[in-house]
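I opened this entry to record what I looked up about the DNA surface and the contact between the protein chains.

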There are 2 protein chains.
Amino acid sequence: MSKQNTSSLVVMKSTLSRLPLYYSYISKLESEGVESVSSVLLAEHLNLNPVLVRKDLAQVSSVAGYPRTGFKVKQLLVDIDNYMGYNKLDEAILVGVGSMGRILLTNSKFAKFGLNIVVGFDKDPYLCGLQLEGKHILPMEKMESLVQRMRIRIGIITVPDDQAQRVCDQMVKCGIKAIWNFAFVPLKVPEGVLVKNENLPSSLAVLSHQLAKSIALQSKQ
Amino acid sequence: MSKQNTSSLVVMKSTLSRLPLYYSYISKLESEGVESVSSVLLAEHLNLNPVLVRKDLAQVSSVAGYPRTGFKVKQLLVDIDNYMGYNKLDEAILVGVGSMGRILLTNSKFAKFGLNIVVGFDKDPYLCGLQLEGKHILPMEKMESLVQRMRIRIGIITVPDDQAQRVCDQMVKCGIKAIWNFAFVPLKVPEGVLVKNENLPSSLAVLSHQLAKSIALQSKQ
DNA sequence: ATTTAATAGATAAAAATTTATCGATATGTC
DNA sequence: GACATATCGATAAATTTTTATCTATTAAAT
C-alpha cells in the first residue's frame, strides 16, 4: 500500500517533461479526426519505450485505457490539460528584451502550453514604451508594482549573464516564486523559490561528446 | 575489475551536461587569479552535491585532486577542454535563419564551447546572399556540396515545426551525423545519427508544475 | 614537529528512471 | 458466438544517477 502511494502520488520530473510531447502529437491526431491512440503508437512516433509511455499516461489519465484500442484522444487531451494546468494560463513577466527575450515574448506557442507573458522589462530607455506584437516593454522600476498588482509568480530571465543575478534578486524581492533562467550562470535564490535553467551549452556538450564517441567507434570498426 | 571498468569508461550523460557549468565557473575563477578550486566550493556555487561534483571531476581530471586544496584551476580547464573536445572546434551548419536561428548564428558564446556555425541556410530568397555578423546565408540547394566539401557533421535545425523533418532528411542525406533540433517535433533519423532536442515547452512544463505543487503545499500549511 | 581541519577517493547505499514480463481484457474477424 | 490478437495495467528487474559514509592524505596553524 505504502509503495503504491509513493509511486502514484509522486510525479516524475521526467514524466513532466514528456507530457508536452504527448500533448503536441495527440493534438495533431485530434485535428486529423483520429479518435483513439495507443501507447505503442505514441512511443513509435516519439522514439520512446512503449511501457514508459504507458506509465506516463497512467499518471495523468482519469480513465483507464481500453485494451486493444488505447486511449480516447479527446479525453486524454483534457486530462493532460488538467494535469499540467494548461487550461489555467499562468502569467509571467520577462526581463531582458534582447534577441532571446523577443522570441519568448512574441512566440504565441507558449500560450498553448499555459504560459502567458504579460509584459517585458528592459533597462534600455529606447525600448521602454514600445510594443512587440501587443506586448508592452516597461522600465525596470515598474516591475514591483506590476508583479504585486497582478500577483504574478513566474519570471523569465533573458538578460546577459553578468546581470542575471541582479535581476533575479529583484524578481524575488517582488514576490516571484519561479524563475526560468536563460542566462548561463547559476542563480542564488532563497528557500522556496524555484529555478529552471535553460542551458544551451549543456545540451551542446552532450551532443558533441556523443558525436565524438560515435565517430571514434566507427573508425575503430 | 569489471565493475570499475564500466563505471570509469562509460560517461554519464548527466555528467556531460554539468561540465559546461564547471567550465564556465572555473574560467571565471581563473580570470580572478584563483589558483585552486575544491569540489565543495564548486558544489556550493552551482547548487550541487559535493560528492557529485567530485565524481564528475574524477572522470575528467588527468591528475588527482590535492587534499585540503582541491584541483588546480588551470589544469582542470585544460582537462575539461580535452575531455569535451572544446579545443578542436566542431563545424556546423544551421538551417532556418529565423529569430532563433539568428541567435545561434550570431552568438559568439558557442564558439567558446567548441561549436563553430560556419553558415546558415534558408529557403527565403531574400535572405540568401546576406551576411549576419560575417556568417553567410545560402540557399538550401547549396547544402549538399558545402557539407561534403567541408566534411561537416553537425546540423542545427531552427525551422518551423512542420518543416523540421524535411530539413532533417536533407541533412542526413548530405552526411550530417548529429542534429541539434530546436523544432518541437520528434525527428526520425536512421541508425547512427544522433539527435538532441532542445525543448522549451518541456522545461516550462517542469517548472510550472513544480510551482503549482509548491504553492499547493504552502497553502496547506 | 605536532596538531588540526578540510578535502579527495573509494565504496556502499539510496533514489530515480527506464525496461522487461505476464496475465487480463476488450476488439475485430471469421 | 468462438477465436486470435493487440493493448492495457501491474509487478518486477535492470539501469542510471545521486547521495551518504568512511579512511587516508596533505596543507596550514600552532
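I looked up which elements line the surface near DNA strand C in this predicted model. From chain A, I noted α2 (13–31) and α4 (50–60), and from chain B, α3 (39–46) and α4 (50–60); each of these supplies at least two residues. I then listed the surroundings of strand C and found 23 residues. The closest of them are A:Asn49 and A:Pro67 on one chain, with B:Ala64, B:Gly65 and B:Pro67 on the other. Sorting the residues of this surface by character, I recorded 11 as nonpolar, seven as polar and five as charged.

Next, I compared the two chains. I superposed chain A on chain B and obtained an RMSD of 0.1 Å, with a turn of 180 degrees and a shift of 0.0 Å along the axis. I therefore entered the two copies as related as by a two-fold rotation axis. The same surface serves both copies, since I found that 100% of the contact residues of chain A recur in chain B.

I then turned to the contact itself, to which chain A gives 44 residues and chain B gives 44 residues. On the side of chain A that touches chain B, I listed the elements of chain A that give two or more residues: α2, α3 (39–46), α6 (99–106), β8 (178–181), β9 (194–197) and α10 (200–220). Which element gives the most to this side? I noted α10(A), with 13 residues. By character, this side of chain A divides into 24 nonpolar, 13 polar and seven charged residues.

Key:
Residues are numbered from 1 along each chain as its sequence is written. Chains are lettered from A and ligands numbered from 1 in the order in which they are written. This is a predicted model: local features need pLDDT of at least 70, side-chain atom pairs count only at pLDDT 80 or more; totals for chains, interfaces and linings use all residues. A residue is near a molecule or strand if its C-beta atom, placed from the backbone, lies within 6 Å of it. Helices (H or I, at least four residues) and strands (E, at least two) are DSSP runs, numbered from the N terminus. Ala, Val, Leu, Ile, Met, Phe, Trp, Tyr, Cys and Pro count as nonpolar, Asp, Glu, Lys and Arg as charged, and the others, Gly among them, as polar. Copies are superposed by least squares on the C-alpha atoms of residues with pLDDT of at least 70 in both. Two residues are in contact if their C-beta atoms, placed from the backbone, lie within 7 Å.
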